[in-house]
Amino acid sequence: MTDRPVLRTTARVVVLDPAGRVLLLGARLPDPSLPPGEVLFWYTPGGGVEDGETLHAAAVRELAEETGLDADPSALEGPVWLRRHVGPFGDQCYDTRETYFVLRDVVHEVVPGALTELELLADEPHRWWTTEELAAGTVGFVPQELPALLGQLATGPWTGPPRVVG
């Protein structure tokens, strides 16, 4: 592993359906050199921002690639949360800076649009979660406090500054 982490800027989307359920993907790949196992944690769709791309554009591109959902960047609320995570993946350490947006009232059947080779290898499941299911979950979530954070989004459009989350 190299000594200096690679900076990775990402854009993520908290996708909510009309009933307030959230769409999450299940991370199954602890290392790209290992076969996928059980779900390690659940997280929101999203991924890396490409050169010259805005956070909003990256969020909707990643959403389309991972779930098949085409969204207009202007439909995204936020940013609502900011998160930093430093840690290894394979033989590389990453310093990941995540920006989260919200997309509400989505009715959609998930059919990935254009997965990367690594995403195909990971073969990640998806699931719509209720607030109660999140609270009772035995697997981790990213961000860790996701069940509590979703309650703050339930009251309507986000109007405040983004909140730093763990």
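**Exercise 1. Find out how many salt bridges a search of the whole structure gives, then look at what some of them join.**

Step 1. Start with the count: searching this predicted model from end to end turns up 11 salt bridges.

Step 2. Take the pair E98 and R12, whose side chains meet with 3.5 Å from N to O. Strand β6 (residues 92-103) holds E98 and strand β1 (residues 6-15) holds R12, so this salt bridge ties together parts that are 86 residues apart in sequence. Both partners, E98 and R12, are buried.

Step 3. Move on to E77 and R104, a salt bridge with an N to O distance of 2.5 Å. Here E77 sits in strand β5, while R104 belongs to the loop between β6 and α2 (117-122), so parts 27 residues apart in sequence are tied together.

Step 4. Don't forget the group: E50, E53, R61, E62 and E65 are linked in a network of salt bridges.

**Exercise 2. Sort E77, R104, D95 and R84 into buried, partly exposed or exposed.**

Step 1. You need two cut-offs: buried is under 20% relative accessible area, exposed is over 50%, and partly exposed lies in between.

Step 2. E77 has a relative accessible area of 15%, so call E77 buried. Its salt-bridge partner R104 comes out at 23%, so R104 is partly exposed.

Step 3. Now for D95 and R84, whose side chains form a salt bridge at 2.7 Å, N to O. This pair links strand β6, home of D95, with strand β5, home of R84, across 11 residues. With 9% relative accessibility, D95 is buried. R84 reaches 51%, so R84 counts as exposed.

**Exercise 3. In what order do the 5 strands of the open sheet lie, and which ones stand at the edges?**

Step 1. Read across the sheet: the order is β4-β1-β6-β5-β9, and the pairing is mixed.

Step 2. Look at the two ends. β4 (46-48) and β9 (163-165) each have a single partner strand, so each has one side without a neighbour in the sheet.

Step 3. Check the twist: on average, neighbouring strands are turned by 20° against each other, direction ignored.

Step 4. Go through the pairings of β6. β1 and β6 run parallel, joined by 10 bridges; V13 stands opposite F101, and R8 has T96 as its bridge partner. β5 and β6 are antiparallel, also with 10 bridges, and here F89 faces Q92.

Step 5. Follow the turn from β5 to β6. This hairpin has 2 residues between the strands, and G90 takes a positive phi near 65°.

Step 6. See how covered β6 is: 10 of its 12 residues are buried.

**Exercise 4. Describe the surroundings of R83.**

Step 1. Place R83 first: you'll find R83 in strand β5 (residues 77-89).

Step 2. Is R83 buried or exposed? Its relative accessible area is 12%, so R83 is buried.

Step 3. List the contacts, skipping neighbours within four places in sequence: R83 touches T96, R97, E98, Y100, V142, P143, V165 and G166. One of these, E98, is the residue that forms a salt bridge with R12.

Step 4. Zoom in on G166: the backbone oxygen of G166 is 3.2 Å from a polar atom of the R83 side chain.

**Exercise 5. Work out where to trust the coordinates, using the pLDDT of the chain and its elements.**

Step 1. Begin with the chain as a whole: the average pLDDT is 88, and 89% of the residues score at least 70.

Step 2. Which elements have the lowest and the highest mean pLDDT? α2 has the lowest, with 56, and β1 has the highest, with 96.

Step 3. Keep the reading rule in mind: where pLDDT is low, the predicted coordinates should not be read in detail.

Conventions:
Residues numbered from 1 in each chain as written. Predicted model: local features only at pLDDT ≥ 70, side-chain atom pairs only at ≥ 80, totals over all residues. Heavy atoms only, no water. Helix = DSSP H or I, 4+ residues; strand = E, 2+ residues; numbered from the N terminus. Buried < 20%, exposed > 50% of the residue type's maximum accessible area, 1.4 Å probe, protein only. Polar contact = N/O pair within 3.5 Å; in protein donor to acceptor, adjacent residues only side chain to side chain. Contact = heavy atoms within 4.5 Å. Salt bridge = Lys/Arg side-chain N within 4 Å of Asp/Glu carboxyl O. Pairing = 2+ DSSP bridges. Axes fitted to C-alpha atoms, helices over the stretch in contact; angles between N-to-C directions. pLDDT = per-residue confidence, 0-100.
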